[in-house]
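Q: Could you take a close look at how the helices pack in this one, and then walk me through whatever else stands out around them?

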Amino acid sequence: MPLFIQNKPLDRIRSTADLFDKNPHLQEKAKAFRSKPLVDVDPKCLLYVHQREFAATTPADKCVSVIGSDDATTCHLVVLRHTGSGAVCLGHCDGSSTWSEVPLLVKAVTSLSDACKEGRLELHLVGGFNDDSKTSHNLSLDILAAFQVQKEAIHLETCCITEMNDVVVNGTHRPVVYGIGVDVKTGDVYPASFPHKGPAEELRSARTFTGGEMVNIYDSSRGLFQIGPCTWSQNLDIAFWLSQNDDTILKYLSTSPRAEPPHFVQHMKSTIQFLLDHPNSESLFPGGQPQFYHRTETGDWERVVQS
């Protein structure tokens, strides 16, 4: 079933420019979205989603009131919500396997909405910019096309992607919005930043760095964050990057070297150091079991010790 815009089925999309030309109200909504104030999200209510992760929950969740993600340059942040059940999912897509990832996001929401007879699925897309390699543009088209072939009727509400999320700063194209939060209770989506990206930030980054696929990180029925078990093999060659200057790391380890946030290089170095410190991933997952975290009364994520 095709995507719907203002209750009308969307034709095949040849370019994002074509999409915005034919649907000027999407341009206006994108401009309004990117002009919203940036919210610094309190980690005590947050479920943070890293690259190639997704999470879904419902308004009944007492552990999570905001799902969020940031550091998206060419990546796209995808929010799908069912207006009847209030079930909402956020995914951080980098184009590694879009056609297999989109069905996971749809299933995450529909499985939490089975008992709901009313409402519809609404889609919000944020991310990308006018990068030289057109990585953003190609990912925009892939995500839209993947949603087009889902059997469910899905209504595109926010589309702040690629050229509509682009700004030129000192002659360099950059995203306007790098991160978003979604209010689990109301469904409100807004630009956001996240000083805390836990739990298990370095482990999760290492999983992505070593080729981990899109994964669900949250069990809303139990209020448990989970990660792994992950698998990687020892690679001492990556120590090479720790001695390189910032420009070299940006050039070779980023899809958009001139648009990365200031902490990108340090983040990459800490991820590489984590992999060097843990050459055997099995040691992080005793008995081959995932790491689980629950939210404490003070709002922190605390690891659950497996007995």
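**Helix packing around α7**

A: Helices α6 and α7 pack with their axes 10 Å apart, at an angle of about 80°. Keep in mind as you look that this is a predicted model. Angles from 65 to 115 degrees count as roughly perpendicular, so α6 and α7 are roughly perpendicular to each other. On the α6 side, the contact is made by D246, I249, L250 and L253. Helix α7 brings F264, V265, M268, K269 and I272 to that contact. Sort these residues of α6 and α7 by class and you get seven nonpolar and two charged, with no polar ones.

Now follow α7 to its contact with α5. Helix α5 covers residues 201-209 and helix α7 covers residues 264-277; their axes come within 9 Å and cross at roughly 90°. That crossing makes α5 roughly perpendicular to α7. From α5, the residues in the contact are E201, E202, L203, S205, A206 and F209. From α7 they are H267, M268, S270, T271, I272, F274 and L275. This contact of α5 with α7 has seven nonpolar residues, along with four polar and two charged. If you want to see how the two contacts share α7, click on M268 and I272: both are listed in the contact with α6, and both are listed in the contact with α5.

Next, the loops that lie before these helices in the sequence. P199 sits in the loop between β14 (189-193) and α5, and the peptide bond leading into it from G198 is cis, with omega near 0°. There's another cis bond to look at, joining G228 and P229, with omega about 0°. P229 belongs to the loop between β17 (224-227) and α6 (246-253).

While you have the model open, have a look at D94. You'll find D94 in the loop between β8 (88-93) and α3 (98-110). Its relative accessible area is 18%; the cut-off for buried is under 20%, so D94 counts as buried. The side chain of D94 has a polar contact of 2.8 Å with the side chain of Q51. Another polar contact, also 2.8 Å, joins the side chains of D94 and S96. Leaving out residues up to four places away in sequence, D94 touches Q51, R52, C75 and L139.

R52, one of those neighbours of D94, has a backbone worth checking. R52 has a positive phi, near 60°, without being a glycine. It's in the loop between β4 (46-48) and β5 (53-57), and R52 counts as buried at 14% relative accessibility. D71 also has a positive phi, about 60°, and isn't a glycine either. Its place is in the loop between β6 (66-69) and β7 (76-82). With a relative accessible area of 24%, D71 is partly exposed.

Finally, the nonpolar cores. The largest one has 77 residues, and I67, L123, F147 and I180 have the most contacts inside it. Apart from that core lies another, of seven residues, including V41, L46, V66 and F194.

Notes:
Residues numbered from 1 in each chain as written. Predicted model: local features only at pLDDT ≥ 70, side-chain atom pairs only at ≥ 80, totals over all residues. Heavy atoms only, no water. Core = buried A, V, L, I, M, F, W, Y, C linked by side-chain atoms within 4.5 Å. Buried < 20%, exposed > 50% of the residue type's maximum accessible area, 1.4 Å probe, protein only. Axes fitted to C-alpha atoms, helices over the stretch in contact; angles between N-to-C directions. Helix = DSSP H or I, 4+ residues; strand = E, 2+ residues; numbered from the N terminus. Parallel < 35°, antiparallel > 145°, perpendicular 65-115°, else oblique. Contact = heavy atoms within 4.5 Å. Nonpolar A, V, L, I, M, F, W, Y, C, P; charged D, E, K, R; others polar. Polar contact = N/O pair within 3.5 Å; in protein donor to acceptor, adjacent residues only side chain to side chain.
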